[in-house]
Amino acid sequence: MLLDLRHTSQHVGILGAGHLGCAIAETLLRQGLAREQLFVSHGSSPKTKQRLHELGLDSQIRDNRTLFESADTLFLTIRPQAISQLEAAPSSSKAHVISCLAGVPRARLEMQLHIPVTHAMPSGPATLAQDKGIIALYPAENTIQPLLQAMLLRCIMLPDEDLFHLFTAGVCLPAALLLCESKPAINEAIEHFAAIYPPFREIHLWAQDVLPPAMTATECENYVRAMCTPGGITEAIVNSLRQGESLRYALQRGVDRSRELSKT
Ligand SMILES: NC(=O)c1ccc[n+]([C@@H]2O[C@H](COP(=O)([O-])OP(=O)(O)OC[C@H]3O[C@@H](n4cnc5c(N)ncnc54)[C@H](OP(=O)(O)O)[C@@H]3O)[C@@H](O)[C@H]2O)c1
């Protein structure tokens with residue numbers, strides 16, 4: 001049965017309310033979660049503070065410890081480079097923690113936080129805003145699926161955590177396709193990765209579907225920029241394409257960057 005966020009008593013936390021964290025917050029609010037049931041944290045940037053003010057969430061800012069104590073579900077959306085700043089979750093925490101950190105294995109976070117973690121990879125903020133997001137999960141986690149489905153996210157279970165590297169390169173396809181116009185190069189790349197991970201074909205179809213039909217050069221540039229976390233996987237793919245490398249090579253660079261981040 002579908003969870004109705006307008007009538008749930010669940011509290012949701014977002015630890016690291018940056019680009020992705022704010023997109024998750026907006027999606028939850030759009031689908032009806034009451035502001036009072038949403039708690040967020042961030043670092044020290046005035047820009048993020050301003051963004052949270054625009055979302056009407058200034059009164060919902062808490063420290064990380066309070067998030068662990070009060071959230072039933074807690075999205076981790078900091079950059080992988082910031083993991084070492086996190087303290088262990090208080091032993092009283094009952095939160096279901098969903099880590100959206102690209103590349104970082106759940107074992108690494110569980111070691112830091114001392115709490116079970118579901119490893120997840122959602123598609124980018126623009127796709128969440130369109131209500132066309134997808135999210136990969138490992139391990140298969142039935143408890144959190146109703147909330148994710150209420151956010152209109154399509155859940156894809158990964159049988160093996162290592163497949164996150166490929167899936168993550170796959171969800172960068174909307175940006176990559178904007179920078180690669182060669183159909184043979186696209187087919188070659190998709191067939192190459194689908195031979196290793198068959199759902200890659202489905203991810204390609206999803207990427208075509210989420211791209212707005214007509215965009216000016218400036219809109220394309222803004223779309224690509226919004227998808228790039230500095231030092232992240234989309235950025236590695238985008239930089240490779242801008243250097244004239246093939247889509248297959250660029251996606252491999254993304255997979256390699258994801259593997260590098262997993263060793264952070
Ligand atoms: N953007 C995407 O399309 C996308 C898609 C899938 C997954 N991801 C993953 O999502 C994560 C965030 O990416 P992003 O693009 O949203 O990065 P971002 O905009 O830099 O957001 C990171 C946020 O974490 C906050 N932060 C830093 N240290 C913190 C701490 N100790 N406690 C609480 N908050 C802290 C920062 O606060 P301040 O702003 O105040 O410094 C910032 O708001 C990354 O791990 C990335 O791999 C991103």
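This is a conversation between a student and a tutor about how the features of one predicted model get their names.

Student: What should I keep in mind about the model and its numbering?

Tutor: The model is predicted, so local features need pLDDT of at least 70 and side-chain atom pairs count only at pLDDT 80 or more, while totals for chains, interfaces and linings use all residues. Residues are numbered from 1 along each chain as its sequence is written, and side-chain values use heavy atoms, with hydrogens and water left out.

Student: What makes β4 and β5 a pair of strands?

Tutor: Strands are DSSP runs of E with at least two residues, helices are runs of H or I with at least four, and both are numbered from the N terminus. Two strands pair if DSSP finds at least two bridges between them. Three bridges join β4 (residues 96-99) to β5 (residues 117-122), so by that rule they pair. The two run parallel. Within this pairing, valine 97 has valine 117 as its bridge partner, and isoleucine 98 stands opposite threonine 118.

Student: How do you know that β3 and β4 pair too?

Tutor: Four bridges join them, again in parallel, and the rule asks for at least two, so they count as paired. Phenylalanine 75 has isoleucine 98 of β4 as its bridge partner.

Student: Why are β2 and β7 called edge strands?

Tutor: The open sheet has seven strands in the order β2-β1-β3-β4-β5-β6-β7, with mixed pairing. β2 (38-41) and β7 (154-157) each pair on one side only. From one strand to the next, the twist averages 25°; the axes behind such angles are lines fitted to C-alpha atoms, for helices over the stretch in contact, and angles run from 0 to 180 degrees between N-to-C directions.

Student: What makes you say that helix α1 packs on the sheet?

Tutor: Contact means heavy atoms within 4.5 Å. Helix α1 (residues 19-30) touches β1 (12-15), β2, β3 (73-76) and β5. Its direction makes about 160° with that of β1.

Student: What makes a residue part of the shell around the ligand?

Tutor: One of its heavy atoms has to lie within 4 Å of the ligand. There are 27 residues around the ligand, and His42, Thr48, Ile78, Arg79 and Thr229 come nearest. Both α1 and β5 supply at least two residues of that shell.

Student: How do you know that isoleucine 78 makes a polar contact with the ligand?

Tutor: A polar contact is a pair of N or O atoms within 3.5 Å; within protein, one must be able to donate a hydrogen and the other to accept it, and residues adjacent in sequence count only if both atoms are side-chain atoms. A polar backbone atom of isoleucine 78 is 2.7 Å from a ligand oxygen, so the pair qualifies. Backbone N or O atoms of serine 44 and serine 45 also approach a ligand oxygen, at 3.2 Å and 2.9 Å respectively.

Student: Why is serine 45 called a cap?

Tutor: Serine 45 caps the N-terminal end of helix α2 (residues 46-54), with a side-chain oxygen 3.1 Å from the backbone nitrogen of lysine 47. That value is within 3.5 Å, so the pair meets the cut-off.

Student: What makes proline 139 and histidine 114 worth pointing out?

Tutor: Most residues other than glycine have a negative phi, and most peptide bonds are trans. A cis peptide bond joins tyrosine 138 and proline 139, with omega about -5°. Proline 139 sits in the loop between β6 (134-138) and α6 (145-150). Histidine 114, though not a glycine, has a positive phi of about 60°, and lies in the loop between α4 (106-113) and β5.
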